[in-house]
Amino acid sequence: MADFLLELLSEEIPARMQAKAKEDLARLFNDALSKAGLAAQSVETFATPRRLALIAKGLPLATEAVSEETKGPKVGAPPQAMEGFLRKTGLTQDQLVERDGIYFAIVEKPGRNTADVLGEAIPAIIRAFPWPKSQRWGAASSSTESLRWVRPLQGIIALLGNDIVPCAIDGIESGRHSMGHRFHSRGPIEIANADAYVEALRAAHVIVHFSERCTLIRDGAKAAAEAAGLVLVDDEGLVAENAGLTEWPVPMLGRFDPAFLEVPQEVIQLTARVNQKYFVCHDRDGKLANAFVCTANIVANDGGAAIVAGNEKVLAARLSDAKFFWEQDLKVPLDEQAKKLAQITFHEKLGTVADKVERVAKLARWLAEEGIVKGANADVAERSARLCKADLVTGMVGEFPELQGLMGGYYARAQGETDAVADAVRDHYKPVGQGDDVPTAPVTVAVSLADKLDTLVGFFQFDEKPTGSKDPFALRRAAIGILSLILDNNLRVSMRDLITAAAHAGGSDAGIDVANFLIDRLKVQQREAGIRHDMIDAVVSVTHGGDNVLMVKRVKALQGFVTTDEGANLLAGYKRAANILKQSGDDKNSRHPELVSGSDSADGEDTRMLKQVQHDGLGEAEALLLTALDAAEPKAAAAIDAEDFEGAMTALASLRAPIDAFFEGVMVNDPDPAVRAFRLGLLARFRDAVHRVADFSKIEG
């Protein structure tokens, strides 16, 4: 056994590509080993800005000899079959082995040195590497056949144990020398073996473990802020990005002019984060401080003063731009900005952004006027909707698209709009996907729901639906947002009414498609809450109108019921009844007049008399089930009308023992047609009673 080290040294690898590159290296390496019949005890990968590396522990020094047996034609088969088999195997007929009248080709393959396997695999891995973007370089780059890598490849370390694994690609030969830190190390670094790799590079000021660099940045940035009496704003994404940009990270605190704090703090944080990869800080009261933490890739002789000064100068220029946008945008009222939306196409089939705003404004007003969003003032909802997209044409959002909505809220408040309007403009994009905050302020809910409904219904009407994994208009996200707004705010509304109200003039009727799409998204959304998709199918089959609040309430009650012993047994009884009815040709939800309760019949007195006669002549199991149905049906119906679905399930649970006794005590398919029809009618009534709550045939298991 021996350990293997592979290092691929290059110019700087983009930070965003490093995590995936480690996964790809491990995958390609393991695949190459597997094809050769080898396996390592463990494989660990590393990535820094200048290198991608791998250590495989416990590799055998050679592959095992194997005997491969291939089945051939039968003895006496046509000559053509034998000729084809011999060409395939490369053997002659006298080299074949006959067994039980069949020819077999047996090829003995000797073992191979692992070093030879690796020597062939390394160039293949390099050429097959799936970088998102790669480049050619040097004189050879004039040919499309030349080596491609994310950045110019400079060196290869390939060591099995203490020995170099010979290999080469485009003139780059494997060896045992790496390079340390660009500034803290001079000349090549000799690596003895895999065990020495990590510490040899550490001595050359390179930390190869990504997690260790993250810890240094996270802890160092926090310490730098605390030393200044401040609190670092946590940002794990920024920690990872800085770890991908440095090999020897050194966090340092800098300052900026307090005058910039007049700009909204989100703008400052985004400017620092996106443009410069800086952390920001709060004071002890939670207010944004005029401080930032940058991450250097060097231990400076002056303690970092020059580095900090340079970063302060760069950030000041960025913040000056942001302050300029802020001040200029404030000079133009949102009403004036909104007029420019007529010049922006939302979609060629759906008109301009101004057209969308007009539709959203009318729909938001309707939601308020109809009382669907309770507490929402119709005038305020319409006003909010007419301003909600205006910030799209501002200088700030043009520079930072991530701030859409947020900046509109700031501008609305600054120009004297009410808090309800400003908050609705700010938050109307929410929720953005699963897990995002869901608005609860009535006006915001009305505008947000209107915006998402208009988008979803419009694109479906003009046949721009998601296909497979493609969803260019984020319609799945819009659907999840619609459902979250409805469920979290307990909006009691028919989905049919919402879709109809949001329909676009000139578009096709896509109501059924939209409804089915929303049901599919509901299954996805509720899965995280532990709700099974088959429970939703079971409820959807027996409900109409699309009241999602009511539907989810019923689904949760159903899932809670069927997971109990009573529910499981009732489900088993239902499926047995349904199968018998299906075999008899009665697999629809037909009613049986002779078995309905008196209140359901046009002639209640006659029906009650008929029941009494039937009771007198019935067997015990039949009478028990009929009596139980008479009691359970009205209780379940009343509970459903009161939206007490747990109560409805409890009423159904009373049928468990009678249906079990019925199956044990009678033969449904009695030779007497009248008796058989009566018993089938009992089962149909049992099935129909269950269907008042859910279609149990949709439930798996």
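Biologist: Let's start with one residue. Does Glu7 count as buried or exposed, and at what relative accessibility?

Modeller: Glu7 has a relative accessibility of 1%, so it counts as buried, since the cut-off for that word is under 20%. Keep in mind that this is a predicted model.

Biologist: OK, a charged side chain then. Which residue does Glu7 form a salt bridge with?

Modeller: The general idea is that side chains of opposite charge can pair when their charged atoms come close. Here the partner is Arg51, and the closest N and O atoms of the pair are 3.2 Å apart. Glu7 sits in strand 1 (residues 2-10) and Arg51 in strand 3 (residues 51-59), so the salt bridge ties together parts 44 residues apart in sequence. Arg51 is buried as well, with a relative accessible area of 1%.

Biologist: How many salt bridges does the structure hold?

Modeller: There are 47 of them. Some join up: Glu358, Lys362, Arg365, Glu369, Asp379, Glu382 and Arg386 are linked in a network of salt bridges.

Biologist: Take Glu382 from that network. Which side chains does Glu382 meet in a salt bridge?

Modeller: One is Arg365, at 2.5 Å from N to O. That pair links distant parts of the chain, with Arg365 in helix 10 (residues 353-369) and Glu382 in helix 11 (residues 378-387), 17 residues apart. Another is Arg386, at 3.0 Å from N to O. Glu382 and Arg386 are four residues apart in helix 11, so about one helical turn separates them.

Biologist: And are Glu382 and Arg386 buried or exposed?

Modeller: Glu382 is buried, with a relative accessible area of 18%. Arg386, at 29% relative accessibility, counts as partly exposed.

Biologist: Let's switch to helix packing. How should I read a pair of helices?

Modeller: Two packed helices are described by the angle between their axes and the distance between the axes. Try helix 8 (residues 305-330) with helix 13 (residues 406-414): the angle is about 50°, and the axes are 10 Å apart. Helix 8 and helix 13 are therefore oblique to each other, and helix 8 passes helix 13 in a right-handed crossing.

Biologist: Which residues make the contact of helix 8 with helix 13?

Modeller: Helix 8 brings Phe325, Trp326, Asp329 and Leu330, while helix 13 brings Met407, Tyr410, Tyr411 and Ala414. Sorted by class, that gives seven nonpolar residues, no polar ones and one charged.

Biologist: What angle and axis distance do helix 5 and helix 6 have?

Modeller: Helix 5 (residues 210-227) and helix 6 (residues 236-243) pack at about 120°, with axes 9 Å apart. These two helices are therefore oblique to each other. Their crossing is right-handed. On the helix 5 side you'll find Phe210, Arg213, Cys214, Ile217 and Arg218, and they meet Glu236, Val239, Ala240, Asn242 and Ala243 in helix 6. By class, the contact of helix 5 with helix 6 holds six nonpolar, one polar and three charged residues.

Biologist: One last helix. Which residues of helix 19 are buried, and what do they pack against?

Modeller: In helix 19 (residues 533-540), the buried residues are Asp534, Met535, Ile536, Ala538 and Val539. They pack against helix 18 (511-527) and helix 20 (548-562).

Definitions and conventions. Residues are numbered from 1 along each chain as its sequence is written. This is a predicted model: local features need pLDDT of at least 70, side-chain atom pairs count only at pLDDT 80 or more; totals for chains, interfaces and linings use all residues. Side-chain values use heavy atoms; hydrogens and water are left out. Axes are lines fitted to C-alpha atoms, for helices over the stretch in contact, and angles run from 0 to 180 degrees between N-to-C directions. Angles under 35 degrees count as roughly parallel, over 145 as roughly antiparallel, 65 to 115 as roughly perpendicular and the rest as oblique. A crossing is left-handed if the near helix is turned anticlockwise from the far one by less than a right angle, and right-handed if clockwise. Contact means heavy atoms within 4.5 Å. Ala, Val, Leu, Ile, Met, Phe, Trp, Tyr, Cys and Pro count as nonpolar, Asp, Glu, Lys and Arg as charged, and the others, Gly among them, as polar. A salt bridge is a side-chain nitrogen of Lys or Arg within 4 Å of a carboxyl oxygen of Asp or Glu. Buried means under 20% relative accessible area, exposed over 50%, partly exposed in between (1.4 Å probe, protein chains only).
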